[in-house]
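Visitor: Before we start, could you walk me through this one and tell me how each label is earned?
Guide: Sure, have a look first.

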Amino acid sequence: MNIFQLVWRNSFRKKTRFSLTCLSVMIAFFLFSILAGINHALTSNVSSNNQYRLLTSHKISLARSLPLNYQQKISAIAGVDSVSYASWFGGFFKDETNQLAVLAVDHQSYFEMFDEYSMPKWQLEQWKNTRTGLVVGQAIANKYGWKVGDKVPLSSSIWMNREGVFTWQFTVSAIYQNATSASDEKQIFFQHAYFDKSRAYGRNMVSWLTPKVAEQADVDKVSQQIDKLFANSTGATRTTTEQVFIKERVQQFVDMAMVIKLVVIAVFFTLLLIVCNTMMQSNRERLNESAMMKALGFSSRFLITQVYLESFFMLALGALFGCISAQLCLAYVSHLFADFLPGMAIDNVHYLNVISLVFLAATLCSFLPALTLKRLTISNTLGAKA
Amino acid sequence: MQTNNPNKIAIQLKKINKSYQKGSNNVVVHDNFNLSIAEGEFVALMGPSGLGKSTLLHLIGGLDLPTSGHVIIDDQRIDTLSEGKLSIWRAENIGFVFQSHHLLPVLTAQGNVELPLLLTPLDSKQRKQHASLALRLVGMEERANHLPKELSGGQEQRVAIARAIVSDPKIILCDEPTGNLDRKTADEILTLLAALNKDYGKTIVMVTHDLRASEYASRVINLEQHIEEGKQSQLSAVEVNS
C-alpha cells in the first residue's frame with residue numbers, strides 16, 4: 001500500500017464516471033492532435049531554408065506574367081547576387097484527375113539557387129543538356145513508376161504548343177530528393193528555354209522571378225528597390241521574401257486552422273469544466289474519509305497530492321489514448337490526402353504541448369478540491385456537535 | 001504491553017473554554033472545564049446530548065482547539081501546536097474509533113489497517129506484518145482481504161479498532177463505538193476495548209450513551225454531574241478566597 005495504489009483504487013471507485021470522463025478527455029486530445037497534424041501539413045513547407053531568396057511577381061496577381069528581361073534589370077540592382085525565374089505550366093498526366101505541379105525554370109540558374117533539391121550531378125548535367133528534359137520529384141517518380149530516360153507526355157490546361165496541341169513530350173532526365181522536406185518531392189521541372197520557344201503564345205514572359213540577395217545586403221531595402229524600379233510600368237511588381245510568399249499562399253488554410261483551433265479551445269474549456277466537476281464531486285463524496293485520514297494524521301498536503309495525482313492520472317490516460325488514436329487516424333488519412341495535403345504528421349513538439357497541457361489541466365482541476373481539503377475541519381465533518 | 005504508572009496524568013484539560021459561532025449567536029459549549037485522566041485508565045464519558053462530550057474527545061485528540069485553556073497530553077501542551085505538527089502528533093499518539101467507522105471502501109481490511117502506517121518509516125513488509133498483527137488482536141485476521149462492504153457492522157468496527165491500535169498509540173479515543181451495533185456485538189466491542197486497556201495498557205476515553213459501558217470502564221464520568229461539581233468547587237474556592 002502506498003499513495004499510488006491509493007490513487008489507483010480511488011480512480012476506479014466509480015468506474016462508469018471515470019470511463020466517461022476519460023473518454024471526454026480522449027476526444028479533446030484526439031481533436032487537438034488531429035489539428036496539430038493538419039497544422040503541420042499546412043506549415044511544414046513554409047519554413048524555407050534560405051531567407052535571402054526573394055520572389056518577385058506581378059503586383060496585381062500571380063496569374064499575370066512579367067517580362068523575361070526583368071532578369072537583367074534586377075541583376076543590376078546593388079545587393080542582388082543572382083536572379084532566376086519560373087513559369088507555371090499547370091500540368092497533368094494522361095487524365096485531368098492526375099494533377100501535377102509542373103514548372104518551367106531557368107535551367108542555368110534554378111538548381112544552383114534552390115540547392116535543397118538534391119540529385120546526382122550527372123543527372124543534372126544530363127537535364128541541362130536535354131531540351132525536353134524533366135527533373136521529377138522522387139514521390140512522383142515512385143507514383144507513376146518513371147525512371148530516368150522514360151518518355152513522358154504531360155498535358156497543360158493553359159499552354160498550347162506551336163503544333164496546336166496541349167500535350168507536350170518530355171524525357172525524364174533527373175529525379176530529385178528534397179533534403180529538407182519529404183513532402184516537397186512532388187514537383188516537376190523542365191527548361192524554360194524549351195517552354196518559351198515551343199509555346200504558342202506568351203513568349204518572353206515569366207510567372208515570377210526569384211532574386212537572391214547577397215548575405216550582407218539589406219533584404220527589405222533590395223525588395224523595395226526592385227519594386228521601385230518597375231513602379232510606373234505596366235508590369236509593376238511586388239517583391240517579398242520566399243517565406244512570406246509561401247505563408248501568404250497557405251494563409252487560407254491557416255485561417256481555417258485558426259477556426260479549428262478556436263473550436264478546440266472551446267472543447268478544452270468545456271472539458272476542464274467536466275473534469276473539474278468530476279473531481280469536485282468525487283472529493284465531496286469522500287469528505288468523511290478525508291476528515292478521517294486527517295484525524296489519523298495525514299496532512300492536507302498528502303490529501304491534496306492525492307487529488308492532484310487522481311486528476312493527473314485521469315487526464316494523462318485520456319490524453320494518451322487521444323494521441324494514440326490521432327496518430328493511427330493520421331497514419332491512415334495521410335495516405336488518402338497525400339496529394340491534396342501532404343505532410344500530415346504529429347511532431348515531438350506537439351507531445352511536449354500535450355504533456356504540459358495535462359500538467360496544467362490537472363493543476364486547475366484539483367485547485368477547488370484542494371481548497372476544500374485545506375479548509376476541511378475534522379471535528380465538523382466527523383460530526384462533533386457540542 | 002505498555003507499563004503504566006497509574007499516578008501519572010496522561011490527559012489533562014485545564015480551564016477549558018470552548019465556544020463557537022452559530023449564526024449571530026455565540027454558543028458556549030464548555031466554560032472553565034477541568035479534567036484529568038491517569039495513564040492506563042478506561043474512562044467512559046457519559047451524559048445527555050448537547051453537553052459537549054464529543055467536543056471534549058476532539059479537544060483531547062487534537063482534532064479541534066479550545067477557545068482558551070490548556071490541553072496537556074503526556075506533559076505536552078497540544079493546543080499550541082501548528083496544524084502540521086498536530087497531524088504528526090496525532091499519528092504518533094492517538095488512535096480514533098468513531099461511531100461510523102469511516103473505513104475506506106476501496107481498501108481491504110488489511111489496507112485500511114495499514115493506512116496509518118504510511119506515515120511511519122516502516123517499509124511495505126513491516127507495514128503488512130503490523131497490520132496483520134493488529135487484525136489478529138481484534139480477531140479479524142481471516143477477513144483481512146475483505147472489503148468493508150463484505151463485512152458486518154461489528155466486523156467493520158473491529159477493523160476500525162485495529163486501525164486505531166496499529167501504530168501502537170498510548171491513547172485510544174472512542175466516540176460512541178457501539179452506537180450502531182446490536183447488544184451482542186456491542187458487548188464484543190466493549191470486551192475488546194477493555195482487553196486493550198487491561199492487557200496492553202492503553203488509556204481509553206470513550207464517549208457513550210450505553211449504560212452497560214460502565215461495566216467495562218475503570219471510571220465513569222457523568223459529564224453533567226462533573227460540570228456541576230466543578231462549578232461547586234469554583235464557588236467554594238471563591239468563598240474561601242473572599
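Guide: Let's begin with contact: two residues are in contact if their C-beta atoms, placed from the backbone, lie within 7 Å. Helices (H or I, at least four residues) and strands (E, at least two) are DSSP runs, numbered from the N terminus. Axes are lines fitted to C-alpha atoms, for helices over the stretch in contact, with angles from 0 to 180 degrees between N-to-C directions. On those terms, helix α1 (residues 53–60) of chain B lies across β1, β2 and β4 (68–73) of chain B, at about 120 degrees to β1(B). This is a predicted model, where local features need pLDDT of at least 70 and side-chain atom pairs count only at pLDDT 80 or more, while totals for chains, interfaces and linings use all residues. Residues are numbered from 1 along each chain as its sequence is written, and chains are lettered from A and ligands numbered from 1 in the order in which they are written.

Visitor: What makes β1 and β2 of chain B a pair?
Guide: Two strands pair if DSSP finds at least two bridges between them. Ten bridges join β1(B), residues 9–22, to β2(B), and the two run antiparallel. As an example of the register, B:K22 stands opposite B:N25 in β2(B).

Visitor: Which strands are called edge strands in that sheet?
Guide: The open sheet has four strands in the order β2-β1-β4-β5 (chain B), paired antiparallel. Its edges are β2 (25–38) and β5 (76–77) of chain B, as each pairs on one side only.

Visitor: Why does chain B agree with a compact globule?
Guide: The radius of gyration is taken over C-alpha atoms, and the globule rule is 2.2 Å times the number of residues to the power 0.38. For 242 residues that rule gives a value near 18 Å and chain B has 19 Å, so the two agree. The C-alpha atoms of chain B fill a box of roughly 65 × 45 × 40 Å along the principal axes.

Visitor: And how does chain A do against the radius of gyration of a compact globule?
Guide: With 386 residues, a compact globule would come out near 21 Å, but chain A has 30 Å. Its C-alpha box is roughly 105 × 45 × 35 Å along the principal axes. Chain A holds 14 helices and 13 strands.

Visitor: Why is A:Y351 called partly exposed?
Guide: A residue is buried if 20 or more other C-beta atoms lie within 10 Å of its own, exposed if 12 or fewer, and partly exposed in between; C-beta atoms are placed from the backbone. A:Y351 has 15 such atoms, so partly exposed is the right label. A:Y351 sits in helix α13 (residues 348–375) of chain A.

Visitor: What makes a group of residues a nonpolar core?
Guide: A core is a set of buried Ala, Val, Leu, Ile, Met, Phe, Trp, Tyr and Cys residues joined through C-beta atoms within 7 Å. The largest has 104 residues, and A:V25, B:A162, B:V205 and B:M206 have the most contacts inside it. Another core, of 45 residues, lies apart from it, with A:L54 and A:Y70 among its members. Leaving aside neighbours within four places in sequence, A:V25 is in contact with residues including A:L271, A:V275 and A:M314.

Visitor: How many residues does each chain bring to the contact between them?
Guide: Chain A brings 18 and chain B brings 27. On the chain A side, α11(A) gives the most, with five residues.
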